[in-house]
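Reader: Could you take me slowly through how to read some features of a protein model?

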Amino acid sequence: MPLVLSKAQVAKLRNLCARAEEKGALTPAILKVIYREKWFKLFVPKALGGLELNLPEALQYEECLACIDGSLGWTVTLCAGANLFCGYIAKEKACTVFSKEKVCFGGSGAASGVAEKVKGGYMVTGYWKYATGAPHLTHFTANCIIEKEGKVVLKKDGTPLTRSFFFKRNEVTIFKDWNTMGLKATAGHSFSVQHVKVSDDRSFIIDEANTTIDSDIYKYPFLPLAEATIAVNTLGMTRHFLEEALHIVLQKQRGRSGYTGSTIAETAITGAQQEVRRLSDRFYKIIDLSWKELEQNHAVSKKTTGKIAVLSRQLVKECRQRVADIYPYCGLAATNNGTTINRVFRDIFTGSQHGLLTLDC
């Protein structure tokens, strides 16, 4: 079921997002829409008040929202991805937490914390960067290296054992340090905890072998899922940029007397749109294939996950390049911080720096 919004709804959301850009965080008005539409619960079971979408459906939602506004799409994507953890958390705890309408997880994937095993749980200390949506998160997630009696616990291969944890909002300290050129309203601030004891049921492992809810989405490999969700954000923002660029160019053409045909700029933009659509079709075909594999074989093949990794990076790289190629045609409007096209440009070149998709680009 694709996300369908009227032109009026899109225009209203874009107006709200423009204000969020000024505020540096999603506003209560936008959050009201998100909670009403359950966008933070794309992957949460219907029994817990979620939409329970499969991956191809969720990616189309995220691309659409990113096309409306980069910060909107990015925040929904990262928070919906963190709410996906409900499928790995102890079932009773997940039911208690995720049955609430306004639950919103978010945090960091970096293992920059230490969790000392103690009776009944863990004592955690750490500092993490880039918690998207920090101003409105109800819970913060983070990865930690496990220690026992002051020594790092090692896995069979000799590497440190890590686990994921989640903390209540009142247990963390937030550092308002998100100062990027774009995606300003995502408010990806840093956070820390100091000697916070968490119970065992607030620790979890994100992999197919440790699911607590029987649903295909939790058995989908997390890395390709994360790669794909970040890629479609760049795709959505690029579509928006090219739409705005074409509008600017056509407006210029209407002001010229004696105009009879396409300009070089118009041809370049429509060509870029066609190329982006072609890449998008290839990307979604491999995503659809991966989901069919999961449904039929209860697993996604390494060959397919490898293709997702390659195509996700290729999509981001090509989108960046198309935007860079078209940017000079947009005139001074593209350099004015108060214009939509400038904001979309900044959002694209901020989001595309995500560590998952910058390797081998």
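**Helices, cysteines and a core**

Author: Taking contact to mean heavy atoms within 4.5 Å, we find that Glu-62, Leu-65, Ala-66 and Ile-68 in H3 meet Gly-70, Leu-72, Gly-73, Val-76 and Thr-77 in H4. These residues divide into 5 nonpolar, 3 polar and 1 charged, where Ala, Val, Leu, Ile, Met, Phe, Trp, Tyr, Cys and Pro count as nonpolar, Asp, Glu, Lys and Arg as charged, and the others, Gly among them, as polar. This is a predicted model, in which local features need pLDDT of at least 70 and side-chain atom pairs count only at pLDDT 80 or more, while totals for chains, interfaces and linings use all residues. Residues are numbered from 1 along each chain as its sequence is written, and side-chain values use heavy atoms, with hydrogens and water left out.

Reader: At what angle do the axes of H3 and H4 cross?

Author: Helices (H or I, at least four residues) are DSSP runs, numbered from the N terminus, and their axes are lines fitted to C-alpha atoms over the stretch in contact, with angles from 0 to 180 degrees between N-to-C directions. The axes of H3 (residues 55-68) and H4 (residues 70-83) cross at roughly 150 degrees and come within 5 Å, so the two helices are roughly antiparallel (over 145 degrees).

Reader: How many disulfides does the count come to?

Author: A disulfide is a covalent bond between the sulfur atoms of two cysteines, and the rule here asks for a pair of cysteine sulfur atoms within 2.5 Å. The count comes to 0 disulfides; for Cys-144, the closest cysteine sulfur, in Cys-79, is 19 Å away, too far for a bond.

Definitions and conventions. Angles under 35 degrees count as roughly parallel, over 145 as roughly antiparallel, 65 to 115 as roughly perpendicular and the rest as oblique.
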